[in-house]
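Me: Please take a close look at a single part of this model, namely how any metal is held and what surrounds the residues that hold it. I would like one connected account, with care over which side chains are buried and which are exposed.

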Amino acid sequence: MDTTQLLVTAIGLIIMVFVGWFFFLAPHQRAAAVSSAAGVQQVDITVKGGYSPNVIEVKRGEPVRLNFYRDEESSCSEELLMPDFHIRRDLPAFQTTAVEFLPKEVGKFEFTCGMHMLRGSVVVR
Ligand SMILES: [Cu+2]
């Protein structure tokens, strides 16, 4: 390895540690979905530099509705991806967008912004 490769490796390691630290220390807010009379589990999520709450607990086999209120214009959060549920949705600024799906399996399923920077997860029990 020459000096340049060592330098690149060192910088890469520093970035990895920083990213790990950043995501590890990022606050996790949990919220359990509340079932409506119609049997739909709902959670309101505010989108502003992140998802709040960002850990959503739901029950398996009952339809889920996540109400995303996007409280910013930052382009980072304009798209929502939930790959496990084949969902890709635009979130207009300062509006609530309802995203519905049926959790059929127990597990932890991520949702992210279009660039995979903002992250949250749905925990199905
Ligand atoms: Cu983004």
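Reply: A residue is called buried when its relative accessible area is under 20%, exposed when that area is over 50%, and partly exposed when the value falls in between. Everything that follows rests on a predicted model.

The part to begin with is the copper site. Three residues supply the protein donors of the copper ion: Cys76 gives both its O and its SG atom, Cys113 gives SG, and Met115 gives SD, at distances of 2.1 to 2.7 Å from the ion. The angles among these 4 donor atoms run from 88 to 130 degrees, and the site is tetrahedral; the cut-off asks that all angles lie between 85 and 135 degrees, so that range satisfies it. Along the sequence the donor residues follow the spacing C-x36-C-x1-M. Cys76 sits in the loop between β6 (64-70) and β7, while Met115 sits in the loop between β10 (107-113) and β11 (119-124), so this pair ties together parts that are 39 residues apart in sequence.

The donor residues can also be described by their accessibility. Cys113 has a relative accessibility of 0%, and because the limit for buried is under 20%, it counts as buried. Cys76, at 17%, falls under that limit too and is therefore buried. Met115 has a relative accessible area of 42%, which makes it partly exposed. As for cysteine pairing, the structure holds 0 disulfides.

From Cys113 the picture extends to Glu79, a residue of strand β7 (residues 79-82). When neighbours within four places in sequence are left aside, the contacts of Glu79 include the copper donor Cys113, together with Thr112 and Gly114, and they also include Tyr51, Arg88, Arg89 and Asp90. With Arg88 the side chain of Glu79 makes a polar contact of 2.8 Å, and the two side chains meet in a salt bridge, again with 2.8 Å from N to O. Arg88 itself is exposed, at a relative accessible area of 60%.

Another ion pair involves the strands on either side of the Met115 loop, β10 (107-113) and β11 (119-124). Here Glu110 forms a salt bridge with Arg119, the closest N and O atoms being 2.8 Å apart. Glu110 has a relative accessibility of 36% and is partly exposed, and Arg119, at 35%, is likewise partly exposed because its value lies between the limits of 20% and 50%.

A search of the whole structure finds 7 salt bridges, and one of them leads beyond the copper site. The side chains of Glu57 and Arg125 meet at 3.5 Å, N to O, a pair that links distant parts of the chain, since Glu57 lies in strand β5 (residues 55-58) and Arg125 in the segment after β11, 68 residues apart. Arg125 counts as exposed, with a relative accessibility of 54%. Arg30 is joined to Glu57 and Arg125 in a network of salt bridges.

Glu57 also belongs to the surroundings of Ala32, a residue of strand β1 (residues 30-32). Leaving aside neighbours within four places in sequence, Ala32 is in contact with Glu57 and with Val43. The C-alpha atoms of Ala32 and Val43 are separated by 7.5 Å, with their positions 11 residues apart along the chain.

Terms used. Residues are numbered from 1 along each chain as its sequence is written. This is a predicted model: local features need pLDDT of at least 70, side-chain atom pairs count only at pLDDT 80 or more; totals for chains, interfaces and linings use all residues. Side-chain values use heavy atoms; hydrogens and water are left out. Helices (H or I, at least four residues) and strands (E, at least two) are DSSP runs, numbered from the N terminus. A polar contact is a pair of N or O atoms within 3.5 Å; within protein, one must be able to donate a hydrogen and the other to accept it, and residues adjacent in sequence count only if both atoms are side-chain atoms. Contact means heavy atoms within 4.5 Å. Donors are N, O and S atoms within 2.8 Å of the metal (3.2 Å for Na, K and Ca); water is not among the atoms, so sites may look incomplete. Four donors count as tetrahedral if all angles lie between 85 and 135 degrees; four count as square planar and six as octahedral if opposite donors are over 155 degrees apart and all others between 65 and 115; anything else is irregular. Buried means under 20% relative accessible area, exposed over 50%, partly exposed in between (1.4 Å probe, protein chains only). A disulfide is a pair of cysteine sulfur atoms within 2.5 Å. A salt bridge is a side-chain nitrogen of Lys or Arg within 4 Å of a carboxyl oxygen of Asp or Glu.
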